[in-house]
Amino acid sequence: MSTVITPALGNDTPWDQVPALLLPAYGETWTMVGIVMLFVILVGGAVGVLLFNTGRRGLFTHRQSYLVISWLVNMGRSLPFLVLMAAIIPLTYLITGTSIGIPAAVVPMVVAGIPFFARLVENALRDLPPEVTAVGLVSGGSTLQIIFSAQLSEALPSLVAAATLNLISMIEYSAISGTIGAGGIGYLAVVYGYQRFDHHIMIATILVLVATIQLVQLGGDKLVSLLSRP
Amino acid sequence: MIQIKNLSKQFRLRNGSVVEVLKGIDLDVPDRSITAVIGPSGAGKTTLSRCISLLEQASSGSILVNGEELSALDRDGLRRARRAIGTIFQSSALLRRKTVAENIALPLRYLGVVESDIQRRVRELLVSVGLPDKVDYFPDQLSGGQRQRVGIARALVLHPQVLLADEATSGLDPEATESILALLKSLRDEFGLSIILITHEMSAVRDVADNVALIQAGRIVEQGSVRQLIADPLSGIGRQLLPVRPLIQYREDEWLLELTYRADREVPADWISQISEHEQARVSLLGGSIEQVAGRLSGRVITAVRFARDDVGGVAQLSAYLARIGLNVTVLRSPQLVTQVTEAAA
């Protein structure tokens, strides 16, 4: 005997109540993404600079170090986010003392974001003409001076483009984190839209996510073109 | 001045083998002079340039600037030493997101010089390189020649004694090339610089260099003053600097003589008419090149000569006369020798 499963209809949250649910969740999403991006840009940026400068055209070329860092970065990038999130639960628990909620989502997002951003930064630096580093050197700059005032400063438009790309990935990851009760609109979509068949919430979250990604990309592109134009 | 002594550079390849790119380079660049290093690509020019600008450390040998040893330094020492040498890159290598003024100021900022001094120095240099009104321009708003001028200003900002120009005019149009070379010349005189011009352009060497060194397969195979090398009939560089494309037509009974202007003498401009007055010989001009080098005429011409009577005696007499007026003679073809060889073969 077979059972026919019919979706329970009529669970839709009335439209006028959608904002009351959606706005706090949207705020949570940005809180998560904001914290994550802070770590990703600082740590991922540093790892990217390290990758480039231990590489062939870098300031302190060191093949072994490059290979080790590169291998770690590839490791971090090889797992799908959902798998990574589950796999590092012990680490998450160690750091945050919990395996659910916003704090628990931030850890895997940072772990996934750092290697991604590091590779983007390395590529941005590789795209610079080789003379950029040489100019810093013949001008008598220290390692840090050359990294900041020549390499990163010349690559700034590409770095902003990289950060935009990374930010969009992190918004997407924050939605996936909804599955471990991370809060934010991902959680809203999972709990209301997926589990309760609340079509209004589903539609609203989709619209908000689409609009958000469009705006982030637009803003990023605008900033890149402002920075590129002398 | 800069002295390079027995400089060698080896690179270890990933497969373990060692490639020796520079094999004991000796090169002196006196103060107030431009020394060109020319050579085919792959000869080691770029590696030599990177060793001189201390971007690459030589495997052995030494680089002395005013007697001070610059090779074999630690990281901090290298950083200080690099300031004694101004480097100009092929592509001018300006930072695209910084203004002209910020580009020139870069070495001063690295040193921590105060803002007012930076501004004064930048303005001074922009006047020296002829761009006083471009302070706030970005590199993309300048022409190739203007960008290279900014690159030169940046190289000069720390008052170096040595200026290294690595293919500084490659990729520039002929007019810009000419003006950059003229600028280098005037900077040599204004600041008493030792300038090393790494180039593959013979015309640049002829136009501005005082001395020239030919590098081939990691070795300097010929070097000397441009004027002397041009005057030397046996010099390979001399031939390349003043190439002569003969030969139109000559008769079987004519001698082919190559005449080179001597470096130490002023050759009278009307020497051809002087020959016909003094010597009993018919001279036809087959090919030649005469240029103004370092303020004096330098030349290399090929002539076909027919003597009225005694050939060998005529050549000896003519050579002696030409030597007196400042021309060296090389016999390229002697009709008698040709006849002898042909007879022997028959």
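Modeller: Let's start with a word we'll need all the way through: a residue is buried when its relative accessible area is under 20%, exposed when it is over 50%, and partly exposed in between, using a 1.4 Å probe and protein chains only. Helices (H or I, at least four residues) and strands (E, at least two) are DSSP runs, numbered from the N terminus. This is a predicted model, so local features need pLDDT of at least 70 and side-chain atom pairs count only at pLDDT 80 or more, while totals for chains, interfaces and linings use all residues. As for bookkeeping, residues are numbered from 1 along each chain as its sequence is written, chains are lettered from A and ligands numbered from 1 in the order in which they are written, and side-chain values use heavy atoms, leaving out hydrogens and water.

Biologist: Okay, try that on a helix. Which residues of helix H2 of chain B are buried?

Modeller: In H2, residues 75–82 of chain B, the buried ones are B:Gly77, B:Leu78, B:Ala81 and B:Arg82. They sit on the same side of H2(B), because they span an arc of only 130 degrees around the axis. That arc is taken from the directions from the helix axis to the C-beta atoms. The general idea is simple: an α-helix has 3.6 residues a turn, so residues three or four places apart point the same way.

Biologist: And which exposed residues does the face turned away from the buried side carry?

Modeller: On that face of H2(B) you find B:Arg75 and B:Arg80.

Biologist: What do the buried residues of H2(B) pack against?

Modeller: For packing we go by contact, meaning heavy atoms within 4.5 Å. By that test, the buried residues of H2(B) pack against helix H6 (131–138) of chain A together with strand S6 (85–88) of chain B. Have a look at B:Leu73 too, in the loop between strand S5 (68–69) and H2 of chain B. B:Leu73 has a relative accessible area of 29%, so it is partly exposed. Setting aside neighbours within four places in sequence, B:Leu73 is in contact with B:Gln57, B:Leu78 and B:Ala81.

Biologist: Let's zoom out to the interface. How many residues of chain A are in contact with chain B?

Modeller: There, 25 residues of chain A are in contact with 22 residues of chain B. The other way to read an interface is buried area, the accessible area (1.4 Å probe) that two parts lose on being put together, summed over both. Chains A and B bury about 2100 Å² between them, with 57% of it on carbon and sulfur atoms.

Biologist: How many salt bridges are there between chain A and chain B?

Modeller: A salt bridge needs a side-chain nitrogen of Lys or Arg within 4 Å of a carboxyl oxygen of Asp or Glu. Between chain A and chain B the count is 0, whereas the whole structure has 15 over all chains.

Biologist: So how do I read a single one? What separates B:Arg121 and B:Glu124 in helix H4 of chain B?

Modeller: About one helical turn, because they are 3 residues apart in H4 (residues 115–128). Their side chains meet in a salt bridge at 2.7 Å, N to O. B:Arg121 is buried at 11% relative accessibility, while B:Glu124 is partly exposed at 37%.

Biologist: And one that links different stretches of chain? Where do B:Asp210 and B:Arg188 lie?

Modeller: Those two side chains meet in a salt bridge at 2.9 Å, N to O. B:Asp210 lies in the loop between helix H7 (202–208) and strand S9 (211–216) of chain B, and B:Arg188 in helix H6 (residues 174–191) of chain B, so the pair ties together parts that are 22 residues apart in sequence. B:Asp210 is partly exposed at 26%, and B:Arg188 is buried at 10%. Then there's B:Asp253 with B:Arg251, a salt bridge at 3.2 Å, N to O. Salt bridges can also share partners, as they do in one network of B:Asp117, B:Arg120, B:Arg121 and B:Glu124.

Biologist: What about chain B as a whole? How many helices and strands are in it?

Modeller: Chain B has 12 helices and 14 strands. Of its 346 residues, 51% are buried. Its C-alpha trace spans about 80 × 55 × 35 Å along the principal axes. Among contacts between residues at least 6 apart in sequence, 71% join residues at least 24 apart.
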